[in-house]
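The exercises below are meant to be worked through with the sequence and the 3D view side by side. Try each task before reading its solution.

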Amino acid sequence: MKRLLLISGPIAAGKSAIAANLIEQHGFLSIRSGGYLKELAESKGIGSSRADLQVLGDELDAATDYRWLIDDIAAKIFEKNQQQDFWLFDSVRKHRQVLHFKNAYKKETLHVHLTAPESILKQRYEKRSDTGGEYSGATPYGLARIHPNEIASRSLIEIADFIFDVSQTPPEKTATEIIKNWNAGGV
C-alpha cells in the first residue's frame with residue numbers, strides 16, 4: 001500500500017460521489033464497513049437498517065476502542081490485495097478512527113474533510129430524499145444532522161490534513177484537487 005485516503009464530512013457533502021471519481025479516474029479501491037456490519041448483524045440476528053448498523057458500529061467502537069475498522073476490515077483487505085497501491089475509506093466518523101489509521105499507516109495516510117454551508121447540505125439531502133436517492137425515506141435532515149455520529153463526523157474538520165469546500169465544486173474537480181494537494185505534500 002502506498003496511499004490510504006480517509007474522507008470525512010457531513011451528510012450530503014458528496015463523499016460517495018468524490019470516492020466514486022477517485023475509484024474510476026485515479027485507481028483507488030474502497031474500504032467498506034457496510035457489508036461487514038450487515039453480515040455481523042445477520043449473524044447476531046439483529047436488523048440491518050441504517051439505524052441498526054449505526055448502533056452496531058457504535059457498539060464495536062466501544063468494544064474495540066474504534067480499532068475494528070482497521071483490525072477486522074482494512075488490515076485483512078490490504079493483506080489480500082498487496083498489489084493495490086491506492087485505498088480510500090469514505091466515511092471515517094470519529095477522531096479515534098482517524099488516529100488509529102494514522103498510527104497504523106503513518107506516512108501513507110491522508111485525511112481530507114469535506115464541508116459546505118448548512119443550507120447547501122440540507123438542500124442536497126432533501127433532494128436525494130425527494131427523488132428516491134440514497135436518503136429516500138430517511139430521517140428528516142434536522143434530526144439526521146444532530147445524530148451523535150454526524151456531530152462526530154463534522155468535528156473531524158479540526159484534525160484534517162486538508163479541508164475542501166464542496167459547495168460549488170463538482171466531485172471530479174474535488175477528486176483532482178485532493179490528488180494534486182496530496183502530491184504536493186509529498187505523501
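**Exercise 1. Start from G47: is this residue buried, partly exposed or exposed, and where does it lie?**

Solution. G47 has a relative accessibility of 32%, so it counts as partly exposed, given that buried means under 20% relative accessible area, exposed over 50%, and partly exposed in between, with a 1.4 Å probe and protein chains only. Next, place the residue in the chain: G47 lies in the loop between α2 and α3, where helices (H or I, at least four residues) and strands (E, at least two) are DSSP runs numbered from the N terminus. Then list the contacts, a contact being heavy atoms within 4.5 Å: leaving aside neighbours within four places in sequence, G47 touches A41, D52 and L53. Finally, compare sequence with space: G47 and D58 are eleven residues apart in sequence, and their C-alpha atoms are 15 Å apart.

Before going on, note that this is a predicted model, in which local features need pLDDT of at least 70 and side-chain atom pairs count only at pLDDT 80 or more, while totals for chains, interfaces and linings use all residues. Residues are numbered from 1 along each chain as its sequence is written, and side-chain values use heavy atoms, with hydrogens and water left out.

**Exercise 2. Describe how α2 and α3 pack: what is the angle, and which residues make the contact?**

Solution. Two packed helices are described by the angle between their axes and the distance between the axes. For helix α2 (residues 34-44) and α3, the angle is about 95° and the axes are 10 Å apart; here axes are lines fitted to C-alpha atoms, for helices over the stretch in contact, and angles run from 0 to 180 degrees between N-to-C directions. The angle therefore makes α2 roughly perpendicular to α3, since angles of 65 to 115 degrees count as roughly perpendicular, under 35 as roughly parallel, over 145 as roughly antiparallel and the rest as oblique. On the α2 side the contact is made by Y36, L37, K38, L40, A41 and K44, and on the α3 side by L53, L56, G57 and L60. By class, these residues divide into seven nonpolar, one polar and two charged, where Ala, Val, Leu, Ile, Met, Phe, Trp, Tyr, Cys and Pro count as nonpolar, Asp, Glu, Lys and Arg as charged, and the others, Gly among them, as polar.

**Exercise 3. Find V55 and E59: which helix holds them, and how far is each from its partner in space?**

Solution. V55 is in helix α3, which covers residues 50-64, and E59 is found in helix α3 as well. V55 has 47% relative accessibility and so counts as partly exposed; E59, with a relative accessible area of 45%, is partly exposed too. From C-alpha to C-alpha, V55 lies 14 Å from A144, although 89 residues separate them in sequence, while E59 and A184, 125 residues apart in sequence, are 38 Å apart.

**Exercise 4. Work out how α1 and α9 cross, and then look at N21.**

Solution. The axes of helix α1 (residues 15-26) and helix α9 (residues 171-185) come within 8 Å and cross at roughly 65°, which makes α1 roughly perpendicular to α9. From α1, the residues A17, I18, N21, L22 and H26 meet P171, E172, T174, A175, T176, I178 and I179 of α9. Seven of the contact residues are nonpolar, four are polar and one is charged. N21 belongs to helix α1 and counts as buried at 12% relative accessibility; beyond four places in sequence, N21 is in contact with H26, E172 and A175.

**Exercise 5. How many residues has the largest nonpolar core, and which element gives the most to it?**

Solution. A nonpolar core is a set of buried Ala, Val, Leu, Ile, Met, Phe, Trp, Tyr and Cys residues joined through side-chain atoms within 4.5 Å. The largest one has 25 residues, and those with the most contacts inside it include L5, I18 and L22. Among the elements giving two or more residues to this core are β1 (3-8), α1 and β4 (109-115), but α9 gives the most, with four residues. L22 itself, leaving out residues up to four places away in sequence, touches L5, I7, G27, F28, L88, A175 and I179.
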